[in-house]
Amino acid sequence: MKWLYLFKANFRREYIYLKRYLPNTISELITFYAIFLFLFFGIQIVGDPSTVEVNVQNTIVNYLFWFLAMMVMQGIGWSIMNEAQLGTLEQLYMSPMGAWKILLSRIVSTTIIQLIMIIILLYLSMLTTNTWLNVDALSIIPILILTLVSMVGVSFMIAGLAIIFKQIGSFLQIFQFILMGLTFAPVSSMPFLVFLPVVKGVDMSRGIMIHNYGLGDFSLGDYTALIVNAVVYLIIGIAVFKRCERTAMIKGVLGQH
């Protein structure tokens, strides 16, 4: 029940922020749509005409997961930085629920709202390119949830760095390009990438949305890699966050900016 109240409070908080700063949200959508148009017209100009359709399909899926990965993986880190700037970071630690639980419910709330934006971008992209993907929600959702779990784990790692160093904006900007590489990377030619977060989930989602796969078309190895990836990164992420948390408290830099 406490978790439910915590989630409701944070979801309401994120919704209020969304309404209050609606122009910023709209500009964010427009910016990412413009990035997609740049990628799309680039494919049209320099791409092989015989593979344009497949390339466009891959671009739609990859860029949407890139957008989602940036929002989720960097979410807690930006939240920590904002709290530190406002001088309210220490207030999180006054809650009996604990800071990491508050941040977890906050990133879940933010992700739900971001998924609505992803759906808007998805259909806008398909309409623009006249390329229609297989949006099989029953197959995509389980894979998406497990992929999001690994993203949240990485987000906690980044949040741990933010607690100690406070200003990690430059790192997050560079990290955006790393995420682009992960979401656009072809697993078939680089199998070792399945050990990294996001990659396996994106690859399986591509199979569903582009090649019309169903959940039964994936092997036990595919599901094992996806589940292990999610669990391991979540556990490591929370462990790293709590370790950085203790380090910041010992050094007395938790509330400094």
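Colleague: How do you know how helix α7 and helix α9 sit against each other in this model?

Modeller: It's a predicted model, to be clear. In it, the axes of α7 (residues 137-165) and α9 (residues 199-211) come within 9 Å and cross at roughly 170°.

Colleague: Why is α7 called parallel or antiparallel to α9?

Modeller: Anything over 145 degrees counts as roughly antiparallel. The crossing is roughly 170°, so α7 is roughly antiparallel to α9.

Colleague: What makes the contact between α7 and α9?

Modeller: From α7 you get Ser139, Ile140, Ile143 and Thr147, and from α9 Gly201, Met204, Ser205, Ile208 and Met209. Sorted by class, those residues are 5 nonpolar, 4 polar and no charged.

Colleague: What makes α7 close to the span expected of a helix?

Modeller: The helix has 29 residues, and at 1.5 Å a residue the expected span is 42 Å. From first C-alpha to last, α7 reaches 40 Å, so that's close to the expected value. Right after α7 comes Lys166, with a positive phi near 65°.

Colleague: Let's turn to the empty spaces. What lines the largest pocket?

Modeller: That pocket has a volume of about 1100 Å³. There are 32 lining residues, and the closest to its centre are Asn24, Glu28, Trp78, Asn82 and Gln114. At least two lining residues each come from α1 (2-20), α2 (22-46), α3 (52-73), α4 (75-86) and α6 (99-129). The lining divides into 15 nonpolar, 12 polar and 5 charged residues.

Colleague: And which residues are closest to the centre of the second largest pocket?

Modeller: Its volume is about 620 Å³. Of the 26 residues lining this second pocket, Leu68, Leu115, Leu144, Ile145 and Leu148 are the closest to its centre. Two or more lining residues come from each of α3, α6 and α7, and α6 gives the most, with 11 residues.

Colleague: How do the residues of that second lining divide by class?

Modeller: They come out as 25 nonpolar, 1 polar and no charged. Leu and Ile count as nonpolar, so the five closest to the centre, Leu68, Leu115, Leu144, Ile145 and Leu148, belong to that class.

Colleague: Why is a space called a cavity rather than a pocket?

Modeller: A pocket is open, whereas in a cavity a 1.4 Å probe fits but cannot get out. The structure holds 1 cavity of 30 Å³ or more, and the largest cavity has a volume of about 40 Å³.

Colleague: Which helices supply at least two residues each to the lining of that cavity?

Modeller: They are α7, α9 and α10 (220-251). The lining includes Leu146, Thr147 and Ser150, along with Val199, Lys200, Gly201, Leu226 and Asn229. By class, the cavity lining has 6 nonpolar, 4 polar and 1 charged residues. Thr147 and Gly201 also turn up in the contact of α7 with α9.

How values were computed
Residues are numbered from 1 along each chain as its sequence is written. This is a predicted model: local features need pLDDT of at least 70, side-chain atom pairs count only at pLDDT 80 or more; totals for chains, interfaces and linings use all residues. Side-chain values use heavy atoms; hydrogens and water are left out. Axes are lines fitted to C-alpha atoms, for helices over the stretch in contact, and angles run from 0 to 180 degrees between N-to-C directions. Helices (H or I, at least four residues) and strands (E, at least two) are DSSP runs, numbered from the N terminus. Angles under 35 degrees count as roughly parallel, over 145 as roughly antiparallel, 65 to 115 as roughly perpendicular and the rest as oblique. Contact means heavy atoms within 4.5 Å. On a 1 Å grid over the protein atoms alone, a cavity is a set of points where a 1.4 Å probe fits but cannot get out, and a pocket is an open set with protein on both sides within 12 Å along at least five of seven lines; lining residues have an atom within 4 Å of a point. Grid points are joined across faces, edges and corners, and a volume is the space filled by probe spheres set on the points.
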